[in-house]
Amino acid sequence: MEAAVGVIMRVPGLFIIDYWWQHDRYKSLPHSMELGEILNCVITNLVLLHGFLLLLLPLRHVQALYTHFVSGALIFSCHIVSSYYIDVETNKIVTAEDDPYFLRRQIAMFVFHGCLGGLISFFLKGPWLFVTPVFAVYIIPVMARLANLPVDTLPFFQNFCDAITGFNVLLYITYQIPTIVDCAKLAYMDALTVTEVHGLGTLFILLWNKLFVPTHFALFWLIEFFVKLIGSIYQVERLAWGDEWYLILLTTISSICASPVTLVATSVTVAYLSFFILCSTRAYLQGFSAFFHDNPMHSGWTEGLTLILLSFQTGLMEMKMPARMAVMTIILFIVLSSLLQSMLEIAEPVVLALSASRSRNLWRHFRALSLCFSLLIFPLYLTRVLSAVFPIDFWMMVVLSSCTLTSVQVLDLLVVHSLFLYDSVRFEPWENLDDIVYYTRAVTKVLEFFVAIFVVGMGLWESTSGKWNLVNASILLIHCYFNVWQRLQTGWRSFLLRREAAKKAKSLPSATNEQLSQLDDVCSICFGSMRAACVTPCQHYFHRTCLRKWLYVQDKCPLCHSVVTLHPTEDINSTQNEQQRTGERDMMHDAPAQ
Ligand SMILES: [Zn+2]
Ligand SMILES: [Zn+2]
């Protein structure tokens, strides 16, 4: 409850800072030495200062600040109402005796000023209690009117009241100055201590933590969004929630992003939204208990950061409206691609586990597959829509291809999943399954690699056309390292390991029938009975395919952990081995289903 009140009380600070940036930024420094100009500048900076104070001060001081705002507004409204009252009284043609409402009006005014004066005194309580009742000073004109003084004298009384009030306010402020100075001194001392003990970095982090509170920004964004949304709906004039709804939405979102504050707020909102979507994906796949599973990569901040970095790089804030909307659409598309990729990263282990476990739970399969299909269709649909709307230049190709890649990866996942499913309904183990899965994955990896190469090529091409700067260069360099070089390395390493493992498994001698009947045991990898087996140097027996799969992962014997080496006799009796192996395979295929 208290936290909610705190958020509500601090958010207006963001509005003030945002307003300052969008409208008063250039008024903060005086352009000339004229009094009006300087006064304007001082007031602008004072208002800005209050914006920061609302965010930084402890909550109890923020409350005091609000009390003073309200008191100021009340004093001002007293002045306005009194002026209006005097206007009415001086312009009355009928005399007091003939006016049936005369007395009623006077009493109403009397009560109004009395109450407001009391309220202000209540708000501004303190050791200056003797001053504050004076705020009810606007009763004086009413008294004068009741005393039947001529109406011409009323403006004089009004001026007198204004003077008294002004003097009173000045007096109050003067009394407050020592407190304000004390507060500032205290804050300064605190900052000094923190800097001396922990260094300037800590002070900066403390300030940052106070200024950057995600919930404040999210609430700020929501308010801005709904205000602008209502505005744009009225601008469109017809309440078209038909095919134009997404245009209205995009216009609204991009019209918000006009200052750093709103941009940060948009990023925070996107981060929250992404987090929610990723959590929901997890909950959909694995049940509600998985909702708050902690993975820093899937906390939504990747998406938020992507948005803000791209916005700053493209200079989104300074753009005029139709252009800004176009750029915003592309940025949102990139963020969405990244979000879809994260969703796939969540779905992949679940689907693979589902294939491996050979679960017959149809509901689980349905959930996994429905998600996969939507991840397959949605990027393609988005790509189609975007390529229809925007001209396809090279950077656009990069953006679109990375999105399509998600679909390719999903397709790969689906193929692997269906292969495992097919394997599970077969009567005997499918010897080549592992290889087929490996090559399916390899095709996707190669495709990914080509896209990465393509991006590098585009970057280099772009550099020849003159649009070249440090940011682009560093992005390209990072991209080259992570997406091209590292992928190439891991891919090549896995290929070599695989070849090595296959070679080792192939080189091991087969067990003879006597050895097998003597052993009379199951394969300790798959627990299936052994009609044919190979023998490791450490004299352990496994199915050859089982051992090969095992060696893909690590090169140690599953039972005794001694390293399985390439069998040296391979060259001498390779023909004999080959014959034996053919025999083995025949035997395995002849084996009846268990
Ligand atoms: Zn086995
Ligand atoms: Zn062993």
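Which residues of H11 are buried? I began with this question, keeping in mind that the model is predicted, and I found that the buried residues of H11 are Glu303, Gly304, Thr306, Leu307, Ile308 and Ser311.

**Entry on H11.** I noted that helix H11 runs over residues 301-314 and has 14 residues, and that from its first C-alpha to its last it reaches 20 Å, close to the 20 Å expected at 1.5 Å a residue. When I looked for what covers the buried residues of H11, I found that the cover includes H10 and helix H12 (321-357). I also looked just past the end of the helix, where Gly315 takes a positive phi of about 65°.

**Entry on H1 and H10.** Having met H10 as part of the cover of H11, I turned to how H10 (residues 260-286) sits against helix H1 (residues 2-24), and I recorded that their axes come within 8 Å and cross at roughly 130°. That angle makes H1 oblique to H10. In this contact, Leu14, Ile17, Asp18 and Trp21 on the H1 side meet Pro260, Val261 and Thr262 on the H10 side, and I sorted the residues of the contact into 5 nonpolar, 1 polar and 1 charged.

**Entry on H7.** I then looked up helix H7 (residues 200-211), which has 12 residues and reaches 17 Å from its first C-alpha to its last, close to the 16 Å expected at 1.5 Å a residue. The number of buried residues among the 12 of H7 is 0, so the helix lies largely in the open.

**Entry on residues 523-561.** I checked the UniProt record, an unreviewed entry, and its annotation "domain: RING-type" covers residues 523-561. In the model, the end C-alpha atoms of this span lie 16 Å apart, and the span is 26% helix and 10% strand.

I next picked out Arg531, which lies in the loop between helix H17 (513-519) and strand E1 (534-535). Is Arg531 buried, exposed or partly exposed? I counted 13 other C-beta atoms within 10 Å, so Arg531 is partly exposed. Looking along the chain, I found that Arg531 and Leu516 are 15 residues apart, while their C-alpha atoms are separated by 7.4 Å.

**Entry on the whole chain.** I closed with the overall counts, noting that the protein chain has 19 helices and 2 strands, and that 22% of its 594 residues count as buried. For contacts between residues at least 6 apart in sequence, I recorded that 68% join residues at least 24 apart.

Technical notes: Residues numbered from 1 in each chain as written. Chains lettered and ligands numbered in written order. Predicted model: local features only at pLDDT ≥ 70, side-chain atom pairs only at ≥ 80, totals over all residues. Axes fitted to C-alpha atoms, helices over the stretch in contact; angles between N-to-C directions. Helix = DSSP H or I, 4+ residues; strand = E, 2+ residues; numbered from the N terminus. Parallel < 35°, antiparallel > 145°, perpendicular 65-115°, else oblique. Contact = placed C-beta atoms within 7 Å. Nonpolar A, V, L, I, M, F, W, Y, C, P; charged D, E, K, R; others polar. Expected span 1.5 Å × (residues − 1). Buried ≥ 20, exposed ≤ 12 C-beta atoms within 10 Å, placed from the backbone. UniProt positions renumbered as here; feature names shortened; annotations may be inferred.
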